[in-house]
Amino acid sequence: MPRSEEAEWWTNAVYAAVQEIPPGQVTTYGYIAFLLGEPQRGRQVGMSLKALPAPESGLHFTSQSVPWQRVINAKGMISHREPGGATRQADALRLEGVEVTIDNMGEMHVSFPQYGWFPKRLPSEEVDDGLKLD
DNA sequence: ATGCTGACTCGTC
DNA sequence: CGACGAGCCAGCA
């Protein structure tokens, strides 16, 4: 399988997986990669989301049909990117009921991640009790 | 062709 | 805790 086609498969797989995240819940880049059987490719998950086509493109997967905002990093924070991008993600999350706080360093944290955390390090202790991750 | 850059993560020190 | 190094690999200069 040619390299370019592999990339195509990957991005589509990422988009399809992200669409499985229920509204109001979040997961990590690493967990999406894990679900796709390539736990080391969290970085490429981010690349794919960055390349999400605009809604006007008319394509199947767009920034409107794929809930990109529900993917954050393993620290439970919204990752940095182009100026304004992180803020748009925070706004989109708040719109669906996810609480996003900003610390004194200007970093944006998601308060209560409730979905599909990769079963390693959790972003905070409070997540452990009261929530079951199957 | 070559080298650097990331919407990343994990193990080690 | 933070810092570092190592995998990862599609873009882009």
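The following paragraphs go through a predicted model of chain A with DNA strand B, from the overall fold to single residues.

Chain A has 134 residues, and 28% of them count as buried. Its secondary structure amounts to 4 helices and 4 strands. Read from the N terminus, the order of these elements is α-β-α-α-β-α-β-β. If contacts are taken between residues at least 6 apart in sequence, 52% of them join residues at least 24 apart.

The largest nonpolar core has 25 residues, and within this core V18, I32 and V71 touch the most other members. Two or more residues come from each of α1 (3-18), α2, α3, β2 (71-72), α4 and β4. Of these elements, α2 gives the most, with 5 residues. Such a core fits a general pattern: in soluble globular proteins, nonpolar side chains tend to be buried together. V18 shows how parts of the chain meet here. Residues up to four places away in sequence set aside, V18 touches I32, V66, P67, W68, R70 and V71. Two of these contacts, I32 and V71, are themselves named with V18 as the core members that touch the most others.

The surface near DNA strand B is made up of 21 residues, of which Y29, G30, G42, G46 and N73 are the closest. Both α2 (29-35) and α3 (42-50) supply at least two residues of this surface. The largest share comes from α3, with 6 residues. Sorted by class, the residues near the strand are 8 nonpolar, 8 polar and 5 charged. Helices α2 and α3 therefore appear in two settings, since each gives two or more residues to the nonpolar core and each supplies at least two residues of the surface near DNA strand B, where a residue is near the strand if its C-beta atom lies within 6 Å of it.

Helix α4 covers residues 85-95, and Q89, A90 and L93 are its buried residues. Why do they lie on the same side of α4? Around the axis they cover an arc of only 100°, which places them on the same side of the helix. The general geometry is that an α-helix has 3.6 residues a turn, so residues three or four places apart point the same way. The buried residues of α4 pack against β3 (100-102) and β4 (108-110). D91 and L95, on the other side of α4, are exposed.

A92 also belongs to helix α4. This residue counts as partly exposed because it has 16 C-beta neighbours inside 10 Å, whereas a buried residue needs 20 or more and an exposed one has 12 or fewer. Q40 lies 52 residues from A92 along the chain, and the C-alpha atoms of the two are separated by 27 Å.

Just after α4, G97 takes a positive phi of about 90°. E99 is found in the loop that runs between α4 and β3. With 10 other C-beta atoms within 10 Å, E99 is exposed. Its neighbours within four places in sequence left aside, E99 is in contact with S111 and F112. For E99 and F112, which are 13 residues apart along the chain, the C-alpha atoms are separated by 7.2 Å.

Key:
Residues are numbered from 1 along each chain as its sequence is written. Chains are lettered from A and ligands numbered from 1 in the order in which they are written. This is a predicted model: local features need pLDDT of at least 70, side-chain atom pairs count only at pLDDT 80 or more; totals for chains, interfaces and linings use all residues. Ala, Val, Leu, Ile, Met, Phe, Trp, Tyr, Cys and Pro count as nonpolar, Asp, Glu, Lys and Arg as charged, and the others, Gly among them, as polar. The arc is that of the directions from the helix axis to the C-beta atoms. Two residues are in contact if their C-beta atoms, placed from the backbone, lie within 7 Å. A nonpolar core is a set of buried Ala, Val, Leu, Ile, Met, Phe, Trp, Tyr and Cys residues joined through C-beta atoms within 7 Å.
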